[in-house]
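Me: Could you go through this model with me, starting with the charged side chains and then moving on to whatever else stands out?

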Amino acid sequence: MLHDRVLVRTDIPEGERRSSGGIVIPATAAVGRRLAWAEVVAVGQNVRTVEVGDRVLYDPEDRAEVEVRGVAYVLMRERDLHAVAAERLEGAEDATGLYL
């Protein structure tokens, strides 16, 4: 990875979804703008706040997809991330682990 680029693997595959009540929502259903979670698999040398293994929140409409060895990934800049959920925190035992 170069510069401030982040490579992520999406959590949920494209297609049908299921609501918390069990209702199937087809892939063609129109929904409002929705952010998505993904796992970071690689970072560039200039990335400061994200590490491999972190979960990040991003806008699926602002993405560049790439396929490596048959696996689909999303490539983006660090500044395009909306939030980072990480297990690591320095000196804070009661913190949530979510950086906004």
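Me: How buried or exposed is arginine 9?

Reply: Arginine 9 is partly exposed, its relative accessible area being 34%, where partly exposed covers the range between buried (under 20% relative accessible area) and exposed (over 50%), all with a 1.4 Å probe and protein chains only. This is a predicted model, in which local features need pLDDT of at least 70 and side-chain atom pairs count only at pLDDT 80 or more, while totals for chains, interfaces and linings use all residues. Residues are numbered from 1 along each chain as its sequence is written, and side-chain values use heavy atoms, with hydrogens and water left out.

Me: Which residue does arginine 9 form a salt bridge with?

Reply: Its partner is glutamate 39, with the closest N and O atoms 3.5 Å apart; a salt bridge here is a side-chain nitrogen of Lys or Arg within 4 Å of a carboxyl oxygen of Asp or Glu. The pair links distant parts of the chain, since arginine 9 is in strand β1 and glutamate 39 in strand β4, 30 residues apart. Strands are DSSP runs of E with at least two residues, helices are runs of H or I with at least four residues, and both are numbered from the N terminus. Glutamate 39 is partly exposed, at a relative accessible area of 31%.

Me: And how many salt bridges does the structure hold?

Reply: There are 3 salt bridges in the structure. Aspartate 4 meets arginine 5 in one of them, at 3.0 Å from N to O, and aspartate 4 also meets arginine 77 at 3.5 Å, N to O. That second pair joins the segment before β1, where aspartate 4 sits, to strand β7, which holds arginine 77, across 73 residues. Asp4, Arg5 and Arg77 are thus linked in a network of salt bridges.

Me: Within that network, is aspartate 4 buried or exposed?

Reply: Aspartate 4 counts as buried, at 18% relative accessibility, whereas arginine 5 counts as partly exposed at 26%, and arginine 77 is likewise partly exposed at 28%. As general background, side chains of opposite charge can pair when their charged atoms come close.

Me: Switching topic, what does the secondary structure come to?

Reply: The protein has 0 helices and 9 strands. Of the contacts with a separation of 6 or more, 60% are between residues 24 or more positions apart, a contact meaning heavy atoms within 4.5 Å. Buried residues make up 24% of the 100 residues.

Me: Which residues touch the most other members of the largest nonpolar core?

Reply: They are Val6, Val8, Val50, Val56, Met76 and Leu81, out of 13 residues in that core. The elements giving two or more residues to this core are β1 (5–10), β4 (36–43), β5 (55–58), β7 and β8 (81–85). A nonpolar core is a set of buried Ala, Val, Leu, Ile, Met, Phe, Trp, Tyr and Cys residues joined through side-chain atoms within 4.5 Å. Leaving aside residues up to four places away in sequence, methionine 76 touches Asp4, Arg5, Val6, Val8, Tyr58 and Leu81.

Me: What about nonpolar residues on the surface?

Reply: Met1, Val66, Val68 and Leu75 form a nonpolar patch there, with about 280 Å² of accessible area together. Leucine 75 lies in strand β7 (residues 71–77) and is partly exposed, at 31%. Patches are made of residues with over 30% relative accessible area and no salt bridge, with like charges joined within 9 Å and nonpolar side chains (Val, Leu, Ile, Met, Phe, Trp, Tyr) within 5 Å. Accessible areas come from the Shrake-Rupley method with a 1.4 Å probe, and for residues only the protein chains shown count as cover.

Me: Back to acids: where is aspartate 59, and is it buried or exposed?

Reply: Aspartate 59 is in the loop between β5 and β6 (64–68), and it is buried, with a relative accessible area of 2%. Not counting residues up to four places away in sequence, aspartate 59 touches Arg33, Leu35 and His82.

Me: Last thing, what is phi of arginine 69?

Reply: Phi of arginine 69 is near 55 degrees, a positive value in a residue other than glycine. Arginine 69 is found in the loop between β6 and β7 and is exposed, with a relative accessible area of 86%. Histidine 3 also has a positive phi, near 50 degrees, and lies in the segment before β1.
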